[in-house]
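Visitor: I'd like a tour of this one, with the reasoning behind each answer. Can you show me the structure first?

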Amino acid sequence: MIVSNDPYALAAEAAVALRELAGVDAFEVALVMGSGWVPAADALGEPVAEFPMTKLPGFAAPTVAGHGGTIRAVRTASGHFALVLLGRTHLYEGRGVEPVVHGVRTAVAAGARVVVLTNAAGGLRPETQQVGEPVLISDHINFTGANPMTGARFLDLTEVYSKRLRALAREVDPSLAEGVYVAFRGPTYETPAEIRMLRTLGGDMVGMSTVLEAIAAREAGSEVLGVSLVTNPGAGLVGKPLNHEEVLEVGRATAARMGGLLAKVVDKL
Ligand code: 8IG
């Protein structure tokens with residue numbers, strides 16, 4: 001196996017290995033299941049293959065509980081192939097941006113024209129948001145200080161999160177709200193002052209993922225659908241500290257709704 005040090009070539013190599021291991025020629029759609037979303041993956045269809053991400057070139061094992069580190073190929077109810085990434089690498093793990101976007105680049109190289117990015121997030125609008133509520137990402141603010149692209153290649157980000165796909169998701173569930181997702185590098189949660197700042201700046205959710213993957217997917221030419229599961233109000237908004245176990249619990253409690261939503265959206269593609 002040749003393991004390239006060019007991240008784009010590495011993703012192309014991983015896509016070749018993926019097609020081979022999964023026994024699937026091309027995937028129509030890829031879904032990245034963030035914390036809290038892994039239990040929802042079972043609703044997507046019949047698994048045809050499943051293996052650790054580390055079997056493919058360029059994938060690091062995720063280090064966070066509930067983040068899986070597994071790749072699953074699924075045949076959907078409509079007979080299409082979906083690539084499900086159970087877990088992701090985060091910027092706060094300290095390996096840089098390339099491993100963070102490698103899954104998305106590999107998925108697009110394996111055919112995915114649509115990339116669905118899910119995450120668990122803090123809610124910046126407890127006046128209107130409920131814990132356990134999915135929110136469609138309409139736009140983002142990238143406060144990670146990082147970017148998956150380098151060089152004088154000026155990518156337009158006017159519509160990172162596809163209007164078409166958001167409308168399709170709302171056909172499935174008309175009650176879905178939309179919001180602006182703000183990403184920090186983490187791994188710390190925010191201070192109450194930072195949460196107040198983000199509210200002033202027009203953010204609706206805050207987390208530590210998604211934005212770099214969304215940029216990489218757009219760079220590679222895919223459409224993106226982003227969905228945040230609001231699992232806690234931002235720090236200081238209700239006065240109680242946050243913990244990761246609660247995030248996973250919200251995911252387990254809402255798995256049926258989230259799985260049903262994703263399965264129906266995927267079937268409409
Ligand atoms: I779940 O409140 C989850 N992930 N940055 N802030 C940030 N990330 C999060 C939060 C949060 N909740």
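Visitor: Which strand gives the largest share of the shell around the ligand?
Guide: Keep in mind that this is a predicted model. Three strands each supply at least two residues of the shell: strand 8 (205-207), strand 9 (223-233) and strand 5 (114-123). The shell includes Ala120, Ala121 and Gly122. With 3 residues, the largest share comes from strand 5.

Visitor: How many of the residues around the ligand are nonpolar, polar and charged?
Guide: Go through the names around the ligand: among them are Val206, Met208, Leu242 and Val247, plus Thr231 and Glu190. Glycine is counted as polar here, and Gly122 and Gly207 are both part of the shell. The tally comes to 7 nonpolar, 4 polar and 1 charged.

Visitor: What distance separates a polar side-chain atom of glutamate 190 from a nitrogen atom of the ligand?
Guide: A pair of N or O atoms has to be within 3.5 Å to count as a polar contact. Glycine 122 makes one through a polar backbone atom, 3.2 Å from a ligand nitrogen. Asparagine 232 uses an N or O atom of its side chain, 2.7 Å from a ligand nitrogen. For the side chain of glutamate 190, the distance is 2.5 Å.

Visitor: And asparagine 232, how far is its side-chain N or O atom from the ligand nitrogen, and how much of the ligand does the protein cover?
Guide: The asparagine 232 distance is 2.7 Å. On its own, the ligand has 320 Å² of accessible area, and the protein covers 95%.

Visitor: Where does the ligand sit?
Guide: One pocket has a volume of about 370 Å³ and is the largest. It has 24 lining residues, and Ser35, Ala120, Tyr189, Met208 and His244 are closest to its centre. Ala120, Tyr189 and Met208 also belong to the residues around the ligand. The ligand's place is the largest pocket.

Visitor: Which element supplies the largest share of that pocket's lining?
Guide: Helix 6 (244-268) supplies at least two lining residues, and so do strand 5, strand 8 and strand 9. By class, the lining has 11 nonpolar, 11 polar and 2 charged residues. The largest share, 4 residues, comes from strand 5.

Visitor: What about closed spaces: which helix gives the most to the lining of the largest cavity?
Guide: Rolling a water-sized probe over the atoms shows where empty space is left. The count is 2 cavities of 30 Å³ or more, and the largest holds about 110 Å³ of space. Of its 14 lining residues, Phe59, Gly87, Arg88, Thr89 and Gly103 lie nearest the centre. The helix that gives the most, 5 residues, is helix 2 (97-109).

Visitor: Which helix gives the most to the lining of the second largest cavity?
Guide: This cavity has a volume of about 50 Å³. Its lining includes Arg88, Thr89, Met208, Val211, Leu212 and Glu213, and by class it has 5 nonpolar, 5 polar and 2 charged residues. Contributing 3 residues, the helix that gives the most is helix 5 (211-219).

Visitor: What kind of peptide bond joins glycine 186 and proline 187?
Guide: Most peptide bonds are trans. Proline 187 is in the loop between strand 7 (177-184) and helix 4 (192-200). With omega at about 5°, the bond between glycine 186 and proline 187 is cis.

Visitor: What is the phi of threonine 210?
Guide: Most residues other than glycine have a negative phi. Threonine 210 sits in the loop between strand 8 and helix 5, and it also helps line the second largest cavity. Although threonine 210 is not a glycine, its phi is positive, at about 70°.

Notes: Residues are numbered from 1 along each chain as its sequence is written. This is a predicted model: local features need pLDDT of at least 70, side-chain atom pairs count only at pLDDT 80 or more; totals for chains, interfaces and linings use all residues. Side-chain values use heavy atoms; hydrogens and water are left out. A residue is near a molecule or strand if one of its heavy atoms lies within 4 Å of it. A polar contact is a pair of N or O atoms within 3.5 Å; within protein, one must be able to donate a hydrogen and the other to accept it, and residues adjacent in sequence count only if both atoms are side-chain atoms. Accessible areas come from the Shrake-Rupley method with a 1.4 Å probe; for residues, only the protein chains shown count as cover. On a 1 Å grid over the protein atoms alone, a cavity is a set of points where a 1.4 Å probe fits but cannot get out, and a pocket is an open set with protein on both sides within 12 Å along at least five of seven lines; lining residues have an atom within 4 Å of a point. A molecule sits in a cavity or pocket if more than half of its atoms lie within 2 Å of its grid points. Grid points are joined across faces, edges and corners, and a volume is the space filled by probe spheres set on the points.
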